[in-house]
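Biologist: Could you take one part of this protein and walk me through it closely? I'd like to know what it sits against and how the surroundings are put together.

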Amino acid sequence: MLSDAILFPQPGQIAVRRIGLREPEAGDVRVAVEYCGISTGTERLLFTGDMPPFPGLGYPLVPGYEAVGQVVETFGDGDLSAGDRVFVPGSNGFVDARGLFGASASQLLAPARRVTRVPESMGADAVLLALAATAHHAIVAADAIPELIIGHGVLGRLSARIAVALGGSPIVWEIEPRRHGGADGYAVCHPSDDERSDYGAILDVSGAGDILDLLIPRLARGGEIVLAGFYKVPLSFAFPPAFMREARIRVAAEWLPADMEAVTRLVAEGRLSLAGLVTHRHGPAKAGEAYRTAFEDVSCLKMILEWGATQ
């Protein structure tokens, strides 16, 4: 079996190539991809070569961890059938290419237990489920719903929407004025316009390496900072402000199946909207342009590649 795929042959290089899929195993499904998303966090680090050492990292690689498509073939017993629409968080099913995380391809071979059935009504917005699950994981990992969220990109917006859905009313910091719009149920401001210094729970999704010295002075005593970005440089902070506040710092890792279940339930119940976050679309033939826009254009919240569900 063959698949057209986005490939990073080396850092800084993008290609669209036809590559082989491994032989299927019992419990696998083959998915014809309709849409996949471009990440401006981890995927940018993979493209630039700035990704810190990570299990499975190597080139050439198929990037991406956000794919939506239709099951076209199943191998063995399972709950999925041909025609089911599913979200796929990636695949290691390629020949002669690494899959980290391996979702940006026209055909994916993945264990059925890793895919999530999604309703047709979600459309292309379903590519956002991994980011929504990531935001949910970071929020429920903390001791309280965040009162302050750093960053109003797509992950920050999803974090704020989930916080509101769970009963919170966060403030979001964003230094880029062109990203201040689009808030619903929460406030967005520049950090310099916020005088509070008593936040009990802060969620950072910015990935900024110098963020802790900015956030720790804004904590209440005993307050907690949850780090949910991906940081390419070592993090450090001045000790005295952290000491005076008895600050706590927590790291949120990858989402778990329970987080995916939770966000799909919130969407189904109408408590979480994924709308308005997919702002740009391209076909894979214009992958280079798509990646440049995703990485460089501040008006681009989420870029998706449209493959079409061809078998």
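Modeller: Let's start with one helix and work outwards from there. This is a predicted model, in which local features need pLDDT of at least 70 and side-chain atom pairs count only at pLDDT 80 or more, while totals for chains, interfaces and linings use all residues. Residues are numbered from 1 along each chain as its sequence is written, and side-chain values use heavy atoms, with hydrogens and water left out.

The part I'd pick is helix 2, residues 129–141. Helices (H or I, at least four residues) and strands (E, at least two) are DSSP runs, numbered from the N terminus. The expected span of a helix is 1.5 Å times one less than its number of residues. For the 13 residues of helix 2 that gives 18 Å, and the end C-alpha atoms are 18 Å apart, which agrees.

Now for the surroundings. Eleven of the 13 residues of helix 2 are buried, where buried means under 20% relative accessible area, exposed over 50%, and partly exposed in between (1.4 Å probe, protein chains only). The buried residues include L129, A132, A133, H136 and I139. The cover over them includes strand 6 (85–88), helix 3 (154–165), strand 13 (199–204), strand 14 (219–227) and helix 6 (257–268).

V263 gives a close-up of that packing. Apart from its neighbours within four places in sequence, V263 is in contact (heavy atoms within 4.5 Å) with L129, A132, A133, H136, I162 and L272. An α-helix has 3.6 residues a turn, so residues three or four places apart point the same way.

V263 also turns up in the largest nonpolar core, which has 43 residues; L129, L158, L203 and V263 have the most contacts inside it. Such a core is a set of buried Ala, Val, Leu, Ile, Met, Phe, Trp, Tyr and Cys residues joined through side-chain atoms within 4.5 Å. Helix 2, helix 3 and helix 6 each supply at least two residues of this core, and the largest share, eight residues, comes from helix 2. A second, separate core of 40 residues includes L21, L109, A110 and A287.

Two of the covering strands, 13 and 14, belong to an open sheet of six strands in the order 12-11-10-13-14-15, with parallel pairing. Two strands pair if DSSP finds at least two bridges between them. Strand 12 (187–189) and strand 15 (248–251) are the edges: each has a single partner strand, so one side of each is left without a neighbour in the sheet. Out at the strand 12 edge, three bridges join it to strand 11 (residues 171–173), and W173 has C189 as its bridge partner. C189 counts as buried, at 16% relative accessibility.

Strand 6, also part of the cover, pairs elsewhere. Four bridges join it to strand 5 in the antiparallel sense, with Q70 opposite R85 and G69 partnered with V86. Strand 6 also pairs with strand 9 (residues 116–117), antiparallel over two bridges, and there V86 stands opposite R117. In a regular strand the side chains alternate between the two faces of the sheet. In strand 6 both faces are covered: R85 and F87 on one side and V86 and V88 on the other are all buried.
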